[in-house]
Amino acid sequence: MNSFSYERATAPEQAFRAGSKDGAKFLAGGTNLVDLMKYGVEKPTTLVDINHLDLLQVTSGPDGSTRIGAMVRNSDLADHGVIKTQYPLLSQALLSGASPQLRNMATTGGNLMQRTRCYYFTDVSFPACNKRIPGSGCAAIQGYNRIHAILGQTDRGPKSGESCIATHPSDMCVALAALDANVEVESTKGKRTISFAEFHRLPGSTPWIETALRPGELIVAVTLPPARFSRNAYYLKVRDRNSYAFALISVAAGLEVANGQIASAGLALGGVALKPWRMTEAEKALQGKAPTPEAFRQAAEILLRGAHGYEHNTFKIELAKQSVVRALTLASRGTTEGGEA
């Protein structure tokens, strides 16, 4: 491991100042960052420990919205009364992720900052990874790409400095995308709010830039709009084993059903792109329709429009479509426990 300095922040202003230093990284639960430091992927010059900041509250606003502090642990959030009853989709997604021990450490803000689980990114013995070494190429395109992206990827060949077919690993973020969340951030330059749809970036021509955060900005909270899917929500996670595995495909499905018709929908995919994949066109296609397999398949076709697979992961395209239909079907039945497939 490379040498680094350590600073414990006890006040937000102290964290903002320390985090603005060149090469600084914020340390919360450390469940991803510390691993990447051990692998030699992350090499921060300063770790700014933010565990003593007062960002632990889950509060309800007068308009029915909910604000989640960035340091709320995943296990506490999944079990919080407001989240379980009003936003079961988020609770389900959290309980699908990692292991109980990791959920006890992982934080809301840290979950948003997870980096890809691409083999070629985490193993520094592979020299071609544009996320780790900008301009070096993408070994995954002609490598073992079973877990890799089928949507939103940049593929200009394995030697291109812009190519990247990695995926985002979070379960929580897929639910937050479907719930249309916002992210509150602060720095020495002030405060701003980022829509969740804009927070994570597709690779484009700069795959090493993964979020909309500016240097030195700290996530302080995530806000959820008033609940719509408390009665009809389902988080489906398709993975190779039932415990402690990342999703091949995941679906966050929420429906608002009235008089036998869908009034509104929230729908997002995980395991398919470098960010949670959401298309409002697919959600709008469900509005005003009866909750039928035919309507759900139409939404799936829209959501997977333009999908492109590789040697080992083309199966994910049809798997994703069937998973969307299954998740929406279970959500329409009022099933709110989430599950595996």
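Colleague: In what order do the strands of the five-stranded open sheet with antiparallel pairing run?

Modeller: This is a predicted model, in which local features need pLDDT of at least 70 and side-chain atom pairs count only at pLDDT 80 or more, while totals for chains, interfaces and linings use all residues. Residues are numbered from 1 along each chain as its sequence is written, and side-chain values use heavy atoms, with hydrogens and water left out. Strands (E, at least two residues) and helices (H or I, at least four) are DSSP runs numbered from the N terminus, and two strands pair if DSSP finds at least two bridges between them. On that basis the five strands of this open, antiparallel sheet follow the order β4-β5-β8-β6-β7.

Colleague: Which strands stand at the edges of that sheet, each with a single partner strand?

Modeller: Each edge strand has a single partner, so one side of it is left without a neighbour in the sheet. The strands in that position are β4 (58–60) and β7 (190–195).

Colleague: Which residue of β5 is the bridge partner of valine 58?

Modeller: Three bridges pair β4 with β5 (residues 66–69) in the antiparallel sense. Within β5, the partner of valine 58 is isoleucine 68.

Colleague: What is the order of the open sheet of three strands?

Modeller: Its pairing is parallel, and four bridges join β1 to β3 (residues 46–49). β1 (5–8) and β2 (24–27) each have a single partner strand, so these two stand at the edges. The order is therefore β1-β3-β2.

Colleague: Which element gives the largest share of the largest nonpolar core?

Modeller: A nonpolar core is a set of buried Ala, Val, Leu, Ile, Met, Phe, Trp, Tyr and Cys residues joined through side-chain atoms within 4.5 Å, where buried means under 20% relative accessible area with a 1.4 Å probe, protein chains only. The largest such core has 50 residues, and Leu77, Leu90, Leu112, Leu176 and Leu224 have the most contacts inside it. Elements giving two or more residues to this core include α5 (88–96), α9 (172–178) and β8 (218–224). The largest share, seven residues, comes from α9.

Colleague: How many of the nine residues of α5 are buried?

Modeller: The buried residues of α5 include Pro88, Leu89, Leu90 and Ser96. This helix is largely enclosed by the rest of the structure, because the number of its nine residues that are buried is eight.
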